[in-house]
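Colleague: I have a few questions about this model before I go back to the bench. Could you walk me through it?

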Amino acid sequence: MVRLCESMTGDHPARACLVLSNREDAGGLQKAREMGVATAVVDHKPYGEDRARFEDALINVIDSARPDIVCLAGFMRVLTSHFVDHYHGRMLNIHPSLLPKYRGLHTHARALDAGETIAGCTVHEVTPVLDDGPILGQAQVPVLPDDTPDSLAARVLEMEHVLYPATLRAFASGQHGRVELKHPALPI
């Protein structure tokens, strides 16, 4: 989130208008405030199992900020088709694997268990199917022989901070090609 907000300056075609979390203690909220970006919290707990009411509350807050694009970054709740369809074609997410491989959680451990030599991250349009939307960008990262899930995650995160802003810029500019990046340790 911080890298996205930092990138939206100068000639960037987008500007951050709101950072929203479902947790009051989310560190990104304070960072957004320090950057002069409006913030809001919609706590999911009072809604219990009523996901539709929670998502309607999210929609009300988001729509009041009038964004053209919604970027998910660390929002660790599965969204229903009701919410996703409301932002159809204008909601992006980043996932810490080279989709379509390793959808869902524990991506780094799963890549290591499978003996992958290349891992990475993917920016995609959000659809009602988890981690399944059209791929807008990917960044490749080498898997090293002594990697642990944590060391691989750290290397992938470095590339997430480059890929997501680059992909957002392309998407906001109306460019339709896929953004492809490689970690500097990989051969060209």
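Modeller: Gladly; we can take the cysteines, a helix, the cores, the cavity and some backbone angles in turn. This is a predicted model, in which local features need pLDDT of at least 70, side-chain atom pairs count only at pLDDT 80 or more, and totals for chains, interfaces and linings use all residues. Residues are numbered from 1 along each chain as its sequence is written, and side-chain values use heavy atoms, with hydrogens and water left out.

Colleague: How many disulfides does a search of the whole structure find?

Modeller: A disulfide here is a pair of cysteine sulfur atoms within 2.5 Å. The sulfur of Cys 5 has its closest cysteine sulfur in Cys 71, 9.0 Å away, so that pair is too far apart for a bond. For Cys 121 the closest cysteine sulfur is also in Cys 71, at 14 Å, again too far for a bond. The number of disulfides found is therefore zero.

Colleague: Is Cys 71 buried, partly exposed or exposed?

Modeller: Buried means under 20% relative accessible area, exposed means over 50%, and partly exposed lies in between (1.4 Å probe, protein chains only). Cys 71 sits in strand S3, where strands (E, at least two residues) and helices (H or I, at least four) are DSSP runs numbered from the N terminus. It touches Leu 4, Leu 92, Tyr 164 and Leu 168, not counting residues up to four places away in sequence; contact means heavy atoms within 4.5 Å. With a relative accessible area of 27%, Cys 71 is partly exposed.

Colleague: How far apart are the end C-alpha atoms of helix H3?

Modeller: Helix H3 covers residues 51-65, which is 15 residues. The expected span of a helix is 1.5 Å times one less than its number of residues, so H3 should span 21 Å. The model agrees with that expectation, as the end C-alpha atoms of H3 are apart by 21 Å.

Colleague: Which elements do the buried residues of H3 pack against?

Modeller: The buried residues of H3 are Phe 54, Glu 55, Ala 57, Leu 58, Ile 59 and Ile 62. They pack against strand S1 (19-21), strand S3 (70-71) and helix H4 (81-86).

Colleague: Is Arg 66, just after H3, buried or exposed?

Modeller: Arg 66 lies in the loop between H3 and S3, and its phi is positive, about 55 degrees. From Val 19 it is 47 residues away in sequence and 12 Å away in space, C-alpha to C-alpha. Its relative accessible area is 72%, so Arg 66 is exposed.

Colleague: Which element gives the most to the largest nonpolar core?

Modeller: A nonpolar core is a set of buried Ala, Val, Leu, Ile, Met, Phe, Trp, Tyr and Cys residues joined through side-chain atoms within 4.5 Å. Of the 20 residues in the largest one, Leu 92, Cys 121, Val 123, Leu 152, Leu 163 and Tyr 164 touch the most other members. Two or more residues each come from strand S4 (91-95), strand S5 (118-125), strand S6 (135-142) and helix H6 (149-172). The element that gives the most, with seven residues, is H6.

Colleague: How many residues are in the second, separate core?

Modeller: In soluble globular proteins, nonpolar side chains tend to be buried together. The second core includes Phe 75, Phe 83, Val 84 and Met 91, and its residues number 15.

Colleague: Which residues lie nearest the centre of the largest cavity?

Modeller: Helix H5 (107-113) and S5 each supply at least two residues of its lining. The lining has 13 residues, and those nearest the centre are Ser 97, Tyr 102, Ala 111, Ala 119 and Gly 120.

Colleague: Which two residues are joined by a cis peptide bond?

Modeller: Most residues other than glycine have a negative phi, and most peptide bonds are trans. The loop between S4 and H5 holds Pro 100, and also Tyr 102, which has a positive phi of about 60 degrees although it is not a glycine. The cis bond has an omega of about 15 degrees, and it joins Leu 99 and Pro 100.

Colleague: Is Asp 131 buried or exposed?

Modeller: Asp 131 is in the loop between S5 and S6, with a positive phi near 55 degrees. Its relative accessibility is 8%, so Asp 131 counts as buried.

Technical notes: On a 1 Å grid over the protein atoms alone, a cavity is a set of points where a 1.4 Å probe fits but cannot get out, and a pocket is an open set with protein on both sides within 12 Å along at least five of seven lines; lining residues have an atom within 4 Å of a point.
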